[in-house]
Amino acid sequence: MEFQSCFPVWGNLSDVQQNHILDSLISREIKAGTVIHNGSADCTGLLLVRSGQLRVYILSEEGREITIYRLFDRDICLFSASCIMRSIQFDITIEAEKDTCLWVIPAETYQQIMAESAPLSNFTNEVMAARFSEVMWLIEQIMWKSMDKRIAAFLLEESAIEGTDRLAITHETIAKHLGTHREVVTRILRYLQSEGMIKLSRGVVEITSREKLTVIGNT
């Protein structure tokens, strides 16, 4: 898989702009668990995932994590280059959830070409709008949905991502994704188990009734 085939506006750039990107492009291989961006002061550059999975999250003042979105194959992250958009300052952290291969366009390169290219500028605005929609959706979930519904929806989402109903995931990991305490997650998971929706074992949550879990997660 080549970068050119993964970058949506590649064909709308001039030869000079394309060569500028290719000359500055960085290819990285990241091991699972590695933090590759940490805070608004860390201007990593634009990230384009070749393969793997990244988690983008924020930290509360108490040090609790909450996932705002994830990145998969061919996904682009602009918040890691927030320095090129001076009105936006996001203290986000980006961590590899799985072994990941990605490309990095340095912030200064991207900023220069964006100033010259209307198609790239429009594309950037579209990506930012999509990410803000995800953030707003998350805020709505936090404000209006109870934690049992959020956990049910998370388990269904995780099952879709992994392609299995047997999820190798700890209560602590679920708590980090949802920005809550492990004890809260444990209590709700035990309730879901008592209702026959899941089965718990050490480091594993197995969905046993997708229908019942869907009813909770979608309400």
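**Strands, helices and cores in a predicted model**

Strand S1 (residues 26-30) runs antiparallel to S8, and the two are joined by 5 bridges. Within this pairing, Arg28 sits opposite Leu102 in S8. S8 has another antiparallel partner in strand S3 (residues 46-51), again over 5 bridges; here Ser51 faces Cys101 of S8. Strand S8 itself (residues 100-105) has 5 of its 6 residues buried, so it is largely enclosed by the rest of the structure. As background, strands of a sheet pair through backbone hydrogen bonds, either parallel or antiparallel.

All of this comes from a predicted model. Zooming out, the protein chain holds 8 helices and 11 strands. Its C-alpha trace spans about 60 × 35 × 30 Å along the principal axes. Of the 219 residues in the chain, 47% are buried. Contacts across the sequence lean long-range: taking those between residues at least 6 apart, 69% join residues at least 24 apart.

Next come the open sheets. One has 4 strands in the order S2-S7-S4-S5, with antiparallel pairing. Its edges are strand S2 (35-38) and strand S5 (65-71), each of which pairs on one side only. On average, neighbouring strands in this sheet are turned by 20° against each other, direction ignored. At the S5 end, strand S4 (residues 54-59) and S5 pair in the antiparallel sense over 6 bridges, and Leu59 stands opposite Glu65 in S5. Helix H6 packs on this sheet, where it touches S4 and S5; the direction of H6 makes about 85° with that of S5.

Another open sheet has 3 strands, in the order S9-S11-S10, and its pairing is antiparallel as well. Strand S9 (166-167) and strand S10 (198-201) form its edges, each pairing on one side only. S9 and strand S11 (residues 204-207) are linked in the antiparallel sense over 2 bridges, and Arg166 stands opposite Glu206 in S11.

H6 also meets another helix. The axes of helix H5 (residues 147-162) and helix H6 (residues 171-178) come within 11 Å and cross at roughly 110°. That crossing makes H5 roughly perpendicular to H6. From H5, the contact is made by Met147, Arg150, Ile151, Phe154 and Leu155, and from H6 by Ile174, His177 and Leu178. Sorted by character, the residues of this contact come out as 6 nonpolar, 1 polar and 1 charged.

Then there is the question of what fills the interior. In soluble globular proteins, nonpolar side chains tend to be buried together. In this model the largest nonpolar core has 38 residues, and the members touching the most others are Phe7, Leu54, Tyr110 and Leu120. Helix H4 (residues 118-144) supplies the largest share of this core, with 5 residues. A second, separate core has 23 residues, including Met147, Ile188, Leu189 and Ile198. Met147 also belongs to the H5 side of the contact with H6.

Leu54 deserves a closer look. Leaving aside residues up to four places away in sequence, its contacts include Ile36, Leu47, Val49, Leu71, Ile94, Ala96 and Leu102. The rest of the list for Leu54 is Arg70, Glu95, Glu97 and Thr100. Leu102 is the residue of S8 that stands opposite Arg28.

Finally, the loop between S5 and strand S6 (76-77) is home to Arg74. This residue has a positive phi of about 75° although it is not a glycine, and Arg74 is partly exposed, with a relative accessible area of 41%. Phe72 lies in the loop between S5 and S6 too, and is likewise partly exposed, with a relative accessible area of 28%. Not counting residues up to four places away in sequence, Phe72 touches Val49, Gly52, Gln53 and Ile161. Val49 is also on the contact list of Leu54. As for Ile151, which takes part in the contact of H5 with H6, its C-alpha lies 21 Å from that of Phe72, with the two positions 79 residues apart in sequence numbering.

Key:
Residues numbered from 1 in each chain as written. Predicted model: local features only at pLDDT ≥ 70, side-chain atom pairs only at ≥ 80, totals over all residues. Heavy atoms only, no water. Axes fitted to C-alpha atoms, helices over the stretch in contact; angles between N-to-C directions. Parallel < 35°, antiparallel > 145°, perpendicular 65-115°, else oblique. Contact = heavy atoms within 4.5 Å. Nonpolar A, V, L, I, M, F, W, Y, C, P; charged D, E, K, R; others polar. Core = buried A, V, L, I, M, F, W, Y, C linked by side-chain atoms within 4.5 Å. Buried < 20%, exposed > 50% of the residue type's maximum accessible area, 1.4 Å probe, protein only. Pairing = 2+ DSSP bridges.
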